[in-house]
Amino acid sequence: MSDTDSFIDEVTEEVRRDRMYLLLRRYGWIAAVVVIGVVGGAAYNEIRKSQATASAQELGDDIIAALAVNDAADRATNLAAIEAGSPGGQAVVEMLTSAAQANSDQVAAAVDGLNKVATNGDLPEIYRHIATFKALTLQTDTLPVADRRQQFSALAAPGAPLRLLAEEQLALIDVSEGDAQAGIDRLQAILQDSEATTDLQQRASQLIVALGATPEPLPGQQG
């Protein structure tokens, strides 16, 4: 019985091997295609990553070279000539260009560039809010107070990334319109906000003192 069982096992194994070879001959090309696809896809992803890294490095080098120029007008010209390969990169370039333009008495051009970024719906919210905020601060003397208040109020909406900075600007608008108490109230609220940075808290405290009031103790200092 032992020899018979051994013989049957050998025959069974041989039949399995023959079936496997038959399946490989018939469907082996599918496995090859799958392997090629996996390897090719991995290679393509690596190429894309490499290209993205190279593009980012080139953009960084171009920006550094442009920022190294001492003259603000020339710096703005060099920055404006840079073409980034992504919407986010281009937004950064345009905001840097606007900063250089603002420093070279090209405020109108700077505001136009910032508004272009601010209205680009393809960009993340933080980019658009930063551009809007910077454009508004450049128009303190040219944009009607009501318009600035309205736009800063939008930036100060709950959950907005620049909410507290916008509240600070609204406090300054309150003071400029003669409503010092409203400005103080806003600044006191900033002081008590858990998301306020140390720098922002210091500015708020200094403004409150300058307006003749006493800053309320910070949450961790109360009691």
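**Exercise 1. Determine the order of secondary-structure elements in this predicted model, and state how many helices and strands the protein has.**

*Solution.* Step 1: read from the N terminus, the elements of the protein follow the pattern α-α-α-α-α-α-α-α-α. Step 2: the tally is nine helices and zero strands.

**Exercise 2. Characterise the protein as a whole by burial, sequence separation of contacts and accessible surface.**

*Solution.* Step 1: the protein has 223 residues, and 28% of them count as buried. Step 2: consider contacts between residues at least 6 apart in sequence; 44% of these join residues at least 24 apart. Step 3: the accessible surface amounts to about 14200 Å², and carbon and sulfur atoms account for 55% of that area.

**Exercise 3. Classify the packing of helix H8 against helix H9, and list the residues that meet.**

*Solution.* Step 1: helix H8 spans residues 180–192 and helix H9 spans residues 198–210. Their axes come within 9 Å and cross at roughly 150 degrees. Step 2: angles over 145 degrees count as roughly antiparallel, and H8 is therefore roughly antiparallel to H9. Step 3: the handedness of the H8 and H9 crossing is left-handed. Step 4: on the H8 side, the contacts involve Leu187, Gln188, Ile190 and Leu191. Their counterparts in H9 are Leu200, Gln201, Ala204, Ser205, Leu207 and Ile208.

**Exercise 4. Repeat the analysis for helix H7 and helix H9, and identify residues of H9 that appear in both sets of contacts.**

*Solution.* Step 1: helix H7 covers residues 163–176; its axis lies 11 Å from that of H9, at an angle of about 15 degrees. Step 2: angles under 35 degrees count as roughly parallel, so H7 is roughly parallel to H9. Step 3: the crossing of H7 and H9 is left-handed. Step 4: Leu164, Leu165, Glu168 and Leu172 in H7 meet Leu200, Arg203 and Leu207 in H9. Step 5: Leu200 and Leu207 of H9 thus meet residues of H8 and also residues of H7.

**Exercise 5. Find the aromatic pairing in the model, give its geometry, and state the burial of each partner.**

*Solution.* Step 1: ring centres must lie within 6.5 Å to pair, and the count comes to one aromatic pair. Step 2: phenylalanine 133 and phenylalanine 152 form this pair, with 5.7 Å from centre to centre and 75 degrees between the planes. Step 3: planes over 60 degrees apart count as edge-to-face, and the pair is accordingly edge-to-face. Step 4: phenylalanine 133 belongs to helix H5 (residues 125–138) and phenylalanine 152 to helix H6 (residues 145–155), so the pair links distant parts of the chain, 19 residues apart. Step 5: buried means under 20% relative accessible area. Phenylalanine 133 counts as buried because its relative accessibility is 14%; phenylalanine 152 is buried as well, at 1%.

**Exercise 6. Contrast the settings of threonine 97 and aspartate 105.**

*Solution.* Step 1: threonine 97 lies in helix H3, whereas aspartate 105 sits in the loop between helix H3 (87–102) and helix H4 (107–118). Step 2: threonine 97 is buried because its relative accessible area is 7%. Aspartate 105 counts as exposed because its relative accessibility is 74%. Step 3: setting aside residues up to four places away in sequence, threonine 97 touches Ala76, Leu79 and Ala80. Step 4: the phi angle of aspartate 105 is near 60 degrees, a positive value in a residue other than glycine.

Note on methods: Residues are numbered from 1 along each chain as its sequence is written. This is a predicted model: local features need pLDDT of at least 70, side-chain atom pairs count only at pLDDT 80 or more; totals for chains, interfaces and linings use all residues. Side-chain values use heavy atoms; hydrogens and water are left out. Rings of Phe, Tyr and Trp (its six-membered ring) pair if their centres lie within 6.5 Å; planes under 30 degrees apart count as stacked, over 60 as edge-to-face and the rest as tilted. Helices (H or I, at least four residues) and strands (E, at least two) are DSSP runs, numbered from the N terminus. Buried means under 20% relative accessible area, exposed over 50%, partly exposed in between (1.4 Å probe, protein chains only). Contact means heavy atoms within 4.5 Å. Accessible areas come from the Shrake-Rupley method with a 1.4 Å probe; for residues, only the protein chains shown count as cover. Axes are lines fitted to C-alpha atoms, for helices over the stretch in contact, and angles run from 0 to 180 degrees between N-to-C directions. Angles under 35 degrees count as roughly parallel, over 145 as roughly antiparallel, 65 to 115 as roughly perpendicular and the rest as oblique. A crossing is left-handed if the near helix is turned anticlockwise from the far one by less than a right angle, and right-handed if clockwise.
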